[in-house]
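Trainee: Please take one part of this structure and walk me through it closely, beginning with how confident the prediction is.

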Amino acid sequence: MVGRKQGWSCRVTGIKPGKPAWAEATGAYVPGRDKPDLPTWKRNFRSALNRKEGLRLAEDRSKDPHDPHKIYEFVNSGVGDFSQPDTSPDTNGGGSTSDTQEDILDELLGNMVLAPLPDPGPPSLAVAPEPCPQPLRSPSLDNPTPFPNLGPSENPLKRLLVPGEEWEFEVTAFYRGRQVFQQTISCPEGLRLVGSEVGDRTLPGWPVTLPDPGMSLTDRGVMSYVRHVLSCLGGGLALWRAGQWLWAQRLGHCHTYWAVSEELLPNSGHGPDGEVPKDKEGGVFDLGPFIVDLITFTEGSGRSPRYALWFCVGESWPQDQPWTKRLVMVKVVPTCLRALVEMARVGGASSLENTVDLHISNSHPLSLTSDQYKAYLQDLVEGMDFQGPGET
């Protein structure tokens, strides 16, 4: 158990359910004679901690796949809010709680001194400083924002639709089929693909500047053509999210065609899904059908839903032609959708072993069972609007 003098935060690391020293000391467990009951020991210890006055759960990191633990705070009497008990479910199963063992734990905890230790403290009660966990930062925000608190019955996947939540996008650019750029960004106003000249910085969206072709290409003719395409981007190619839709609009003279395809390769066997409009926004991705396809995929039927947006800039879509011959192709992947598909591919996740990180700003990584995952998906799709971007 590691603590801090100021703030009275402690991390329970020295007490493991698998090493029940307290049970051995009280005679409740004799090694070699009794069968270990890890779930019961874990519940008893947690229950005793919850009932201890002056002790509260500060952070629940039990879903961390690499270092599962919980952080408790010792609070002076009359200080702090004790209305946040540890209500996390016991994922290990097991029988009913033993009142006798809980009473023993209560007694042991009651003997603990919840007061500042003298400095230096005795070796057995060493107090080491522990840095405060830093909240996630968005590249577009100067001040950090704390993690949101999700209610126990709230569907965590609904945060995909929360206005103001930032989706994280992985942007990859290709010149004549060669990858020349990759960047992952998160911005509340979306992004803008721009050429070497950023141009008007008053426009909304995080400017993503595509690199000069001279850094990666050797053919001078191709270099010249690519530079011409980049110069025609003008204010850029804007992409942003509103509700369950992703929208795009070109702010320059460069015609751009788009399609939702596989992540590894664009679908060049068919025509594009559309052309990005210049004078108005156009919908390029609807989360609703994606979730429906994802549910079908998790049930073992249907193909994996597509979520990668491919843009062909300055030329017609490479229909029935090698996409590697196009001067500028840009792929944009919402990383939260990739995580949902990857989770479906492995058939769901164990609540103890695997996690799915939605990569939404300020959100906790999710650790769900397969049944929970499917139920959350179904609940999410039932609350969606399946009208097209131009319908009313």
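Mentor: Over residues 90-97 the pLDDT (the predictor's confidence in each residue, from 0 to 100) stays under 50, and the model has 22 contacts (heavy atoms within 4.5 Å) for that stretch beyond four places in sequence. Residues are numbered from 1 along each chain as its sequence is written, and side-chain values use heavy atoms, with hydrogens and water left out. This is a predicted model, in which local features need pLDDT of at least 70 and side-chain atom pairs count only at pLDDT 80 or more, while totals for chains, interfaces and linings use all residues. Residues 1-18 also stay under 50, with 56 contacts beyond four places in sequence, and the mean pLDDT of the protein is 74, with 59% of its residues at 70 or more.

The part to look at closely is helix H7, residues 370-382, where helices (H or I, at least four residues) and strands (E, at least two) are DSSP runs numbered from the N terminus. Its 13 residues should span 18 Å at 1.5 Å a residue (times one less than the number of residues), and the end C-alpha atoms lie 19 Å apart, which agrees. Ser370, Tyr373, Leu377, Leu380 and Val381 are buried in H7, meaning under 20% relative accessible area, with exposed over 50% and partly exposed in between (1.4 Å probe, protein chains only). Because the buried residues fall within an arc of 95° seen down the axis of H7, they line one face of the helix; the arc is that of the directions from the helix axis to the C-beta atoms. These buried residues pack against helix H5 (287-298) and helix H6 (335-345), whereas the face of H7 turned away from its buried side carries the exposed residues Asp371 and Glu382.
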